[in-house]
Amino acid sequence: MEKYLNKKILYIIPVIFLLVLLFRIFYSYHDTQKQMQEFAKKEAQVLKSHALAHRYYYQDLYFDKIIPLNEKTLQGLPAYSSYFINQTFSQNNPFNISLQTVSDRARDPKNKADTEELKAINYFKEHPKKHEYFNGDNPKYYQYAAALKIEQKCLKCHSAKEDAPLFIQERYDKAYNYKLGEIRGVLSIKIPKEKLNEYFLHHFTTSVLYDTFAFLVLFYIIYTIAQKSKNINSYLRKTVQIQTQKLKDSLIKERLTGLPNRLKFLEDIRNSKEQPSRHLALINIDNFKDINDFYGHAIGDKLLLSVAQRIEDFCNDPASTVYKLPSDEYAVFTDANITPKDFQRRITKLLSSIQKYEYHIHGYTIFITVSCGIASNEAELIIKADMALQLAKNSKTDLVVYSTLVDSTEVVNKNIQGIALLKEAIANDKIVPYFQPIYNLHTQKIEKYESLVRIINDNGDVIAPYVFLDIAAKSKLYPNITYTMIEKTFAFFENKKEFEFSINLSIDDILNEKTVTFILEKLATYKTPQRVVFEILESNEIENYEDVKNFIKKVKSYKAKIAIDDFGSGYSNFSHVLELNVDYLKIDASLVKNITKDENAKKITQTIVIFAKNIGLETIAEYVEDKNSLEILRQLEVDFVQGYYIGKPSPKLL
């Protein structure tokens, strides 16, 4: 059978080569014809540009009065001289290219358009926005034409006869009453095909001979190999098998380590569902991005290889498989008949081995830590192991074993519902401000309000911010809330000029260039920006106080004010307040709530008040719930208070 196939191949090879050669010749011929036409068009465009440049140059010499226009110099005008120049060019160029200015209304018969040129003129009349025409239908030459339209300068001599120079009036009877933009003729360029054929077909012939020779040599080599090969089909079959296997490996093996990849991992987990014992560990290198950034990707790749080798050497039993997942993650899976405790002990030893090992790469010694999540005999094995891994990473521990306590499904569902709520509220304008009064203990009047965000759902329920603000920050929807609160609060207080009003800003708002730009634009157009107070929460999220200082400087240039919210909480920093140039300190709720029963809370509050007065700031106590708290705060000389005892947040003012 193989001998028969070998003979068939020997007959097929010359036929294939002949067909390929004929196709190559056919393609080369058509390509040469196309190149010849493109060359003709480009050559014509170059000649047109040169001729028109000459024409405009000499026109400008006359119209700029460098050459006086009179009977003696008239013959220098392009309308007269271009014929003689074109004739000289047509007789002396190597391709016998004809260059001529022609018209369908020529006063001189030698400038009268022929049939091909009339086609071009009619084309321009039908297509007034076109400026060039090219046609290769004539067997003798390519016809190119450029439209010559009446320009403003032409009308100096060819508008009304009585406006033309006298010596032109005496010389011509009909060269008048031209209209601006009118087609008066074309610059006609004819490029003979015979000369171009000689030039291009020479190259075509050379190319065909070269291709034929190359194909014959290649055919001889392949034909000789085919003749001498007794096992060509088996060789081809083996080659196909090898390439097929390589393709399969590329689909199921990770490129860097050669370990089974995520595709193979998902397939194996799916196929193991009926097994009575299944154990999975997901292992992630901690802060691998920092290693990549510090040492470079080449060392990072070497580290991934070393860790892969270490895991593979440790898990060398036939029932276990090590996988390399995307980025810096690995998986160890086994369906061996062992208990979850045995698998956990085994993985614990593996993690210890990985973390104690010194990785020597390119002269560097690198130590790593890892996080691992384990799940055993679970229906959704990967999801459960990943939940355990995420908890390990978040809790800064190296190993977490999945249990119902680890399950984050409920949290995920709440997050999804929260995002849906937020998106629906943003899309349907259901984010609204509620206003809580702020009472001046000195004047005993309500002088300020804090604007607090709420969502009103379809049932009319008022949803408090603790339900959705954290989700908004994580889902990057927070700026939409800030924009809405600023827009609606500014509009609400526009005609209530007796009150100051405050709006809360997060550090993310201050670091967001678009949000800052929006705030500054609103302040610039607001009639009374001095009534606006922005409350900033001081926290350990502030890494660069320069950004906050710059923001405060910008808003205060519009006379807006700044309050530091929750001052007196664990991270409060008195020196930062001095640097930030604020107007109010809002005393933290944890102090105010306990001020009637905790002497330390009272002392800290008193310290804050004294500090604020010494540097010219005013204080606001939040969460005032009863009369006793109010009286103590009055004795401590706090300036303002707010809380349910004064008034609850409401869509209307008290």
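# Glutamate 450 and other buried and exposed residues

User: A 2.9 Å approach joins the side chains of glutamate 450 and glutamine 642; why is this called a polar contact?

Analyst: The model is a predicted one. A polar contact needs an N or O pair within 3.5 Å, with one atom able to donate a hydrogen and the other to accept it. The side chains of glutamate 450 and glutamine 642 are joined at 2.9 Å, so the pair falls within that cut-off. Lysine 586 offers a second case, its side chain making a polar contact of 2.9 Å with the side chain of glutamate 450.

User: Glutamate 450 is a charged residue by class. How do you know whether glutamate 450 is buried or exposed?

Analyst: The relative accessibility of glutamate 450 is 4%. Buried means under 20%, so glutamate 450 counts as buried. Glutamate 450 sits in strand E13, residues 445-456. Leaving out residues up to four places away in sequence, glutamate 450 touches Tyr434, Phe435, Gln436, Ile438, Ser502, Asn504, Glu535, Lys586, Glu622 and Gln642.

User: Serine 502 is on that list of contacts. What makes serine 502 buried?

Analyst: Serine 502 has a relative accessible area of 4%; since the limit for buried is under 20%, serine 502 is buried. Strand E15, residues 500-505, holds serine 502. Beyond its sequence neighbours up to four places away, serine 502 touches Tyr449, Glu450, Ser451, Val533 and Glu535.

User: Why is threonine 515 called buried?

Analyst: Threonine 515 has a relative accessible area of 0%, and the cut-off is under 20%, so the label buried applies. Threonine 515 belongs to helix H17, residues 513-525. Not counting residues up to four places away, threonine 515 touches Pro479, Thr482, Tyr483 and Asp509. Threonine 482 lies 33 residues away along the chain, yet the two C-alpha atoms are separated by 7.9 Å.

User: Serine 103 is in a loop. How do you know if serine 103 is buried or exposed?

Analyst: The loop in question runs between strand E1 (98-102) and helix H3 (115-126). Serine 103 has 9% relative accessibility; with the limit at under 20%, serine 103 counts as buried. Outside its neighbours within four places, serine 103 is in contact with Asn111, Lys112, Ala113, Ile121, Arg184 and Gly185. Leucine 187 is 84 residues away in sequence, and its C-alpha is 8.9 Å from that of serine 103.

User: What makes histidine 362 and aspartate 429 exposed?

Analyst: Exposed means over 50% relative accessible area. Histidine 362 has 55% and aspartate 429 has 51%, so each is past that limit. Histidine 362 lies in the loop between strand E8 (359-361) and strand E9 (364-366), while aspartate 429 lies in the loop between helix H13 (409-427) and strand E12 (431-440). Each has a positive phi although neither is a glycine: about 50° for histidine 362 and about 55° for aspartate 429.

User: Why are the buried residues of helix H8 said to line one face of the helix?

Analyst: The buried residues of H8 (residues 262-271) are Phe265, Asp268 and Ile269. Seen down the helix axis, they fall within an arc of 100°, so they line one face. An α-helix has 3.6 residues a turn, so residues three or four places apart point the same way. Among the elements covering the buried residues of H8 are strand E5 (279-285), strand E6 (320-325), strand E7 (329-334) and helix H12 (381-394).

User: At the start of H8, what does a side-chain oxygen of asparagine 261 reach?

Analyst: That oxygen comes to within 3.2 Å of the backbone nitrogen of leucine 263. The distance cut-off for a polar contact is 3.5 Å, so this pair fits within the distance limit.

User: How do you know that helices H10 and H11 meet, and which residues do so?

Analyst: Contact means heavy atoms within 4.5 Å. Arg310, Ile311 and Phe314 in H10 meet Arg346, Lys349, Leu350, Ser353 and Ile354 in H11. By class, this contact has four nonpolar, one polar and three charged residues. The axes of H10 (residues 297-314) and H11 (residues 340-356) come within 10 Å and cross at roughly 145°, and the crossing is right-handed.

User: How many of the 654 residues are buried, as a percentage?

Analyst: Buried residues make up 42% of the protein. Its secondary structure comes to 22 helices and 20 strands.

Methods
Residues are numbered from 1 along each chain as its sequence is written. This is a predicted model: local features need pLDDT of at least 70, side-chain atom pairs count only at pLDDT 80 or more; totals for chains, interfaces and linings use all residues. Side-chain values use heavy atoms; hydrogens and water are left out. Axes are lines fitted to C-alpha atoms, for helices over the stretch in contact, and angles run from 0 to 180 degrees between N-to-C directions. Helices (H or I, at least four residues) and strands (E, at least two) are DSSP runs, numbered from the N terminus. A crossing is left-handed if the near helix is turned anticlockwise from the far one by less than a right angle, and right-handed if clockwise. Buried means under 20% relative accessible area, exposed over 50%, partly exposed in between (1.4 Å probe, protein chains only). The arc is that of the directions from the helix axis to the C-beta atoms.
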